[in-house]
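Thank you all for coming. I would like to walk you through one model this morning, beginning with the overall layout, then the sheet, and ending with the ligand and the residues around it.

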Amino acid sequence: MVGAQHECPRRQFLLWAAAVATPLPGLLAGCAQGQPPTGIQSAAVPPQCIPDWMLTPNNVADADLMRDIEVIRDLLVHHQDIVRTVEHFSYGIRATTTSSNRDLAERIRTHAEQMKLRLQRGAAIRQLDPLFAEIFAHHQLVDLQIERLPNGIRINETSSDPVTVMLLRQHAVRAVSEFVAKGMSRAVQPTPLPPGYPG
Ligand code: HEM
């Protein structure tokens, strides 16, 4: 149940995230020499340390949660090396998310594929965030297509349901694009529901 895993307070997670963000010799050295960044060092998420904004309906039963959080953590820590654009259509959005860092580009692909599987299964994540709760409540109405690019991904995310399209737009612009712009400091904040949302 929500609230079953509050042993790791948000501040502790942020301190830990800052600590794992520090050792980036490949990334920093590459940038300093004007070369493309080469590597990301990852660290396992400490046991029992799932921040409250990641909570699912039942963390214990979610076998993929730790794996998925490790990728999300890397994306947030290295958000400044990610580039993203979003285009809007009447039935949904097309978003292109890339990085010149090869490891980070692969993390972007992995994350999108992991989240696509979550949408397909209805395996909710970040359920303390009202927008994410609504997206997973509508998961059966979402179609997410992923095109792998050499430096990232292009996704087409659509729905035949206009209310679900509102959620997809809000997620693309007010969640993912803001995570890319601001990283961890944004990820610990909730995402508002779209203006005029009928829920
Ligand atoms: C810099 C950080 C992040 C990046 C680059 C990123 C990237 C993406 C991308 C490319 C997609 C496909 C949909 C789209 O492009 O609009 C996506 C979907 C998704 N992401 Fe992330 N993400 C980040 C942070 C997070 C965080 C912090 C969470 C939750 C804890 C999260 C959960 C999800 C979920 C649930 C989806 C599927 C929902 C949907 O597409 O409607 N992401 N993300």
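When I speak of helices and strands, I mean DSSP runs numbered from the N terminus, with H or I over at least four residues for a helix and E over at least two for a strand. On that basis the chain has seven helices and four strands, and, read from the N terminus on, the elements follow the order α-α-α-β-β-α-α-β-β-α-α. Please keep in mind that this is a predicted model, in which local features need pLDDT of at least 70 and side-chain atom pairs count only at pLDDT 80 or more, while totals for chains, interfaces and linings use all residues. Residues are numbered from 1 along each chain as its sequence is written.

Two figures describe the chain as a whole. I call a residue buried if 20 or more other C-beta atoms lie within 10 Å of its own, exposed if 12 or fewer do, and partly exposed in between, with the C-beta atoms placed from the backbone; by that count, 30% of the 199 residues of the chain are buried. Two residues are in contact if their C-beta atoms, again placed from the backbone, lie within 7 Å, and among the contacts between residues at least 6 apart in sequence, 66% join residues at least 24 apart.

Let me turn to the sheet, where two strands are said to pair if DSSP finds at least two bridges between them. The four strands make an open sheet in the order E1-E2-E4-E3, with antiparallel pairing. Strand E1 (83-89) and strand E3 (143-149) stand at the edges with a single partner strand each, so one side of each has no neighbour in the sheet. Neighbouring strands are turned against each other by 15° on average, direction ignored, where axes are lines fitted to C-alpha atoms, for helices over the stretch in contact, and angles run from 0 to 180 degrees between N-to-C directions.

Going across the sheet, E1 and E2 pair over seven antiparallel bridges, and Glu 87 stands opposite Arg 94 in E2. Two helices pack on this sheet: H4 touches E2, E3 and E4, and its direction makes about 25° with that of E4, whereas H6 touches E1, E2 and E4, and its direction makes about 165° with that of E1. E2 is also joined to E4 by seven bridges, running antiparallel, and here Arg 94 has Asn 156 of E4 as its bridge partner.

E3 and E4 form a hairpin with two residues between them, and seven bridges join these antiparallel strands. Ile 146 is bridged to Ile 155 in E4, and Glu 147 to Arg 154 in E4. Asp 143, which is found in E3, is partly exposed, because 15 other C-beta atoms lie within 10 Å. Its C-alpha is 5.3 Å from that of Thr 158, 15 residues away in sequence, and, leaving aside neighbours within four places in sequence, Asp 143 is in contact with Thr 158 and Ser 159.

Which residues are closest to the ligand? They are Leu 75, Ala 95, Met 115, Ala 172 and Phe 179, out of 30 that surround the ligand, a residue being near if its C-beta atom, placed from the backbone, lies within 6 Å of the molecule. The elements that each supply at least two residues of this shell are helix H3 (65-77), strand E2 (92-98), helix H4 (102-121), helix H5 (130-137), strand E4 (152-158) and helix H6 (162-182). The shell divides into 23 nonpolar, four polar and three charged residues, where Ala, Val, Leu, Ile, Met, Phe, Trp, Tyr, Cys and Pro count as nonpolar, Asp, Glu, Lys and Arg as charged, and the others, Gly among them, as polar.

Finally, the buried residues of H3 include Val 71, Asp 74 and Leu 75. Leaving aside neighbours within four places in sequence, Arg 107 is in contact with Val 71, Asp 74 and Leu 75. Arg 107 is found in helix H4, and this residue is buried because 23 other C-beta atoms lie within 10 Å.
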